Amino acid sequence: MVQQFAQQTDDVHARSEPTSPRATAGGPPAENGGNGAGRRESTRRLPSHIELFGFASTPARLEVVQRSRLERRVRAVLALLGCWALIPVVGIIPPHIEWAATAFIGGIFLARRYWRAEFVAVSFEGACPRCASPLAMKPGTLVSVPHTITCYECHSEPWLELGDVPRKTVRSAAQPSGPTGAAPVSRRPIP
Ligand SMILES: [Zn+2]
């Protein structure tokens, strides 16, 4: 039920997207229409990077479709109502309480996820800060920042953050410090 609704809202979203057919010589603008074109136009690239404690952040390339506040709210409410409507149905099956509780908690979980996710991923490229393996994110993934991405190589869980890679202060090894520094001390010539 939830998936059906998701598809419907996707179609509505794509249809309501304003398509601005480029004026090509002699080409009928109707051919440029369609769901794919509408989705591509609303796609935008966000500056992003991958973070993990103890490791230098790595740059990422993220293309998303922004979800409207209305869409997030409607999907969250429908997910909640859909799961809660299943409670009397699955409650018939033994063990009754466990199924009912699962549907109840599942509704809250899904509603929270649909409400929080501001973006839908279109494409993603990024590398694990720890092992530099490429990280994967399927198109259509709901993204709420910070978004955890599991690295299946080193089993760490870095997360996606918006914005460029933060500049960290790099300690310069060229600057001697302390009494052990072997740097020559320049003395003023005594007149
Ligand atoms: Zn890794």
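Two strands pair if DSSP finds at least two bridges between them. Keep that rule in hand for the first stop. The model on screen is predicted.

**Stop 1: β3 and β4.** Select strand β4, residues 134-135, together with β3, residues 119-127. The two strands pair in the antiparallel sense, over 2 bridges. Find G126 and look across: L135 in β4 stands opposite. Now follow the chain between the strands. β3 and β4 form a hairpin, with 6 residues between them. Pause at A132 in the turn, where phi is positive, at about 65 degrees.

**Stop 2: β2 beside β3.** Keep β3 and add β2, residues 55-66. These strands run antiparallel and are joined by 7 bridges. Which residue of β3 is the bridge partner of A60? It is G126, the residue that also stands opposite L135 in β4.

**Stop 3: β5.** Select residues 142-143, which form strand β5. β5 pairs with β3 through 2 bridges, again in the antiparallel sense. Here F119 stands opposite V143. Stay on F119 and show its surroundings. Leaving out residues up to four places away in sequence, F119 touches V64, V65, Q66, R67 and V143.

**Stop 4: the largest nonpolar core.** Colour A60, V64, F119, V120 and L135. These have the most contacts inside the largest nonpolar core, which has 14 residues. β2 and β3 each supply at least two residues of this core. β2 gives the most, with 4 residues. In soluble globular proteins, nonpolar side chains tend to be buried together.

**Stop 5: a second core.** Move on to A76, L80, C83 and Y114. They are among the 6 residues of a second, separate core. Keep these four selected for the last stop.

**Stop 6: α3 against α5.** Show helix α3, residues 69-85, and helix α5, residues 96-116. Their axes lie 8 Å apart, and the helices pack at an angle of about 170 degrees. Angles over 145 degrees count as roughly antiparallel, so α3 is roughly antiparallel to α5.

Next, highlight the contact itself. From α3, pick R72, R73, R75, A76, A79, L80, C83 and W84. They meet A103, F104, G106, G107, I108, L110, A111, Y114 and W115 in α5. Colour this contact by class: 12 residues are nonpolar, 2 are polar and 3 are charged. A76, L80 and C83 appear here on the α3 side, and Y114 on the α5 side. These are residues of the second core from the previous stop.

Conventions. Residues numbered from 1 in each chain as written. Predicted model: local features only at pLDDT ≥ 70, side-chain atom pairs only at ≥ 80, totals over all residues. Axes fitted to C-alpha atoms, helices over the stretch in contact; angles between N-to-C directions. Parallel < 35°, antiparallel > 145°, perpendicular 65-115°, else oblique. Contact = placed C-beta atoms within 7 Å. Nonpolar A, V, L, I, M, F, W, Y, C, P; charged D, E, K, R; others polar. Core = buried A, V, L, I, M, F, W, Y, C linked by C-beta atoms within 7 Å. Buried ≥ 20, exposed ≤ 12 C-beta atoms within 10 Å, placed from the backbone.
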